[in-house]
Amino acid sequence: MKGKGAGRAPQRMLIVDGYNIINARRSGGMDSYSLADAREKLLSDLMDYAGYSAQQVVLVFDAWMSDRTVRTEERHGLVTVVYTQKGEIADRYIERLCDELAGDIELHRLEVRVASSDALEQTIILGRGATRMSARELMIEMDQLRNTGIRQVIGKPVSRRNPIGERLSPEVRERLEQMRKGYNNRG
């Protein structure tokens with residue numbers, strides 16, 4: 001069982017077909033933004049989702065009909081936004097990415113899910129070891145995680161630990177403590 005990543009949970013990654021999710025939101029009446037605003041809203045929502053779920057997210061927008069000559073990537077915390085190049089659709093990029101990750105998936109070092117409602121895409125990625133979820137499932141999961149995450153943060157007691165203070169030298173900590181006592185004695 002050693003070769004299969006036993007003893008350690010696999011890292012998690014979610015790959016999102018951006019325009020597929022935006023179109024699902026629009027058809028569900030959830031998104032009436034312009035296309036540029038809808039991209040920004042999805043990115044913002046996925047940044048929250050990545051933070052709550054502690055997993056890497058790859059958001060792919062295709063430039064199939066644009067004049068973009070090169071593929072570009074932007075990092076936003078745990079979210080990587082990929083804009084494909086002219087003539088490259090998001091589905092092909094996602095398939096290639098799943099191919100690149102197949103070894104880690106097979107060795108159970110990485111769990112990859114792909115969010116797309118494209119039935120053909122879902123079938124192809126399943127053959128590469130990733131799991132699938134529909135746009136609707138992703139939207140529900142994002143809402144649930146956001147609501148659960150907020151409740152967990154609100155319900156947590158305030159930590160009394162001071163990790164920054166632990167990194168200070170004893171002399172600096174003593175000086176800060178003297179300053180704190182002096183400030184508290186003023187009142």
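Biologist: In this predicted model, is Glu-95 buried or exposed?
Modeller: The cut-off for buried is under 20% relative accessible area. Glu-95 has a relative accessible area of 8%. Glu-95 is therefore buried.

Biologist: Which residue does Glu-95 meet in a salt bridge?
Modeller: The partner lies in helix α3, as Glu-95 does, three residues apart, about one turn of the helix. The partner is partly exposed, with a relative accessible area of 34%. The closest N to O distance is 2.9 Å, and the residue is Arg-92.

Biologist: How many residues apart in sequence are the parts that Arg-128 and Asp-99 tie together?
Modeller: Arg-128 and Asp-99 form a salt bridge, with the closest N and O atoms 2.5 Å apart. Arg-128 sits in the loop between α4 and β6, and Asp-99 sits in helix α3. So the pair ties together parts that are separated in sequence by 29 residues.

Biologist: Is Asp-45 of the salt bridge with Lys-41 buried or exposed?
Modeller: The two side chains meet at 3.0 Å, N to O. They are four residues apart in helix α2, so about one helical turn separates them. Lys-41 counts as partly exposed at 31% relative accessibility. Asp-45, at 5%, counts as buried.

Biologist: Which residues are joined with Lys-41 into one network?
Modeller: The structure holds ten salt bridges. Some share partners, and Lys-41 is in such a network. Its other members are Arg-25 and Asp-45.

Biologist: How are α1 and α2 oriented to each other?
Modeller: Helix α1 spans residues 18–27 and helix α2 spans residues 35–53. Their axes come within 10 Å and cross at roughly 105°. Angles of 65 to 115 degrees count as roughly perpendicular. The two helices are therefore roughly perpendicular.

Biologist: How many charged residues are in the contact of α1 with α2?
Modeller: On α1, the contact includes Ile-21, Ile-22, Arg-25 and Arg-26. On α2, Leu-35, Lys-41, Leu-42 and Asp-45 are among the residues. By class, six are nonpolar and one is polar, while the number of charged residues is five.

Biologist: Which element gives the largest share of the largest nonpolar core?
Modeller: This core has 24 residues, and those with the most contacts inside it are Val-16, Leu-46 and Leu-59. Val-16 touches Leu-46 and Leu-59, and also Ile-21 and Leu-138, among others. Elements giving two or more residues include β1, β2 and α5. The largest share, six residues, comes from α2.

Biologist: How many residues are in the other core, which lies apart from it?
Modeller: Val-82 and Ala-90 are among its members. Cys-98 and Leu-101 belong to it too. The number of residues in this core is 17.

Notes
Residues are numbered from 1 along each chain as its sequence is written. This is a predicted model: local features need pLDDT of at least 70, side-chain atom pairs count only at pLDDT 80 or more; totals for chains, interfaces and linings use all residues. Side-chain values use heavy atoms; hydrogens and water are left out. Axes are lines fitted to C-alpha atoms, for helices over the stretch in contact, and angles run from 0 to 180 degrees between N-to-C directions. Angles under 35 degrees count as roughly parallel, over 145 as roughly antiparallel, 65 to 115 as roughly perpendicular and the rest as oblique. Contact means heavy atoms within 4.5 Å. Ala, Val, Leu, Ile, Met, Phe, Trp, Tyr, Cys and Pro count as nonpolar, Asp, Glu, Lys and Arg as charged, and the others, Gly among them, as polar. A nonpolar core is a set of buried Ala, Val, Leu, Ile, Met, Phe, Trp, Tyr and Cys residues joined through side-chain atoms within 4.5 Å. Buried means under 20% relative accessible area, exposed over 50%, partly exposed in between (1.4 Å probe, protein chains only). A salt bridge is a side-chain nitrogen of Lys or Arg within 4 Å of a carboxyl oxygen of Asp or Glu. Lists of a residue's contacts leave out its neighbours within four places in sequence.
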